[in-house]
Amino acid sequence: MSELDVLYDSLKNRITIERDIFKQIFSTWNVTGLYEQDVLIGCVVQKNHEVHIGYKQKPTVSIRKHLKNTLKKVLNDYGFATTSVMKNNMNGLNFCKRLGFYEISQDESKINLKCDRCKYVD
């Protein structure tokens, strides 16, 4: 299973596009697998200042290293990072807020967030 398959599986109950189209959309993004005991459990995707993270299972160890590596580069390169979460994904929204993201806008299905600074990035 690829990193993008893991990301798709973490979202498939909240999105309406097919796996192949999803993978095609993200084929030009930077993809970093999140591993726990050599098992792929999620991934971070990043393109320009936009970052997303998804898990097929909740990690039992800290993922700060992965977040730090991705967010540090994005914040250094662009001065900010953006992401979005579906309105019905309160766990995702709370996770993003803990990282330092704040709401900048909404549409009917998602909340758009921005981060100028992350407490996990020095």
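These legends go with close-up views of a predicted model.

**View 1. The main nonpolar core, with F101 in the middle of the story.** Here's the largest nonpolar core, built from 19 residues, and A81, F101 and L113 have the most contacts inside it. At least two residues of this core come from each of β2 (39–47), α3 (64–78), β4 (81–86), α4 (90–99) and β6 (110–115). Skipping its neighbours within four places in sequence, F101 touches L71, A81, T82, T83, C96, L113, K114 and C115.

**View 2. A second core.** Separate from that one sits a core of eight residues, with L4, Y8, F22 and C43 among them.

**View 3. Salt bridges linking helices α1 and α2.** K23 pairs up with D5, their closest N and O atoms 3.3 Å apart. That ties helix α2 to helix α1 (residues 3–11) across 18 residues of chain. D5 counts as buried because its relative accessible area is just 12%, under the 20% cut-off, while K23 is partly exposed at 27%. R19 and D9 make another salt bridge, at 2.6 Å between the closest N and O atoms, again running from α2 to α1, ten residues apart. Both ends are partly exposed: R19 at 27% and D9 at 22%.

**View 4. A salt bridge within helix α3.** K73 and D77 meet at 2.6 Å, N to O. They sit four residues apart in the helix, about one turn. D77 is partly exposed, with 48% relative accessible area.

**View 5. A nonpolar patch on the surface.** I17, I21 and I25 together make a patch of about 240 Å². I21 belongs to helix α2 (residues 19–25) and is partly exposed, at 44% relative accessibility.

How values were computed: Residues numbered from 1 in each chain as written. Predicted model: local features only at pLDDT ≥ 70, side-chain atom pairs only at ≥ 80, totals over all residues. Heavy atoms only, no water. Patch = residues over 30% accessible without salt bridge, like charges linked within 9 Å, V, L, I, M, F, W, Y side chains within 5 Å. Areas by Shrake-Rupley, 256 points an atom, 1.4 Å probe, with all protein chains shown as cover. Salt bridge = Lys/Arg side-chain N within 4 Å of Asp/Glu carboxyl O. Buried < 20%, exposed > 50% of the residue type's maximum accessible area, 1.4 Å probe, protein only. Core = buried A, V, L, I, M, F, W, Y, C linked by side-chain atoms within 4.5 Å. Contact = heavy atoms within 4.5 Å.
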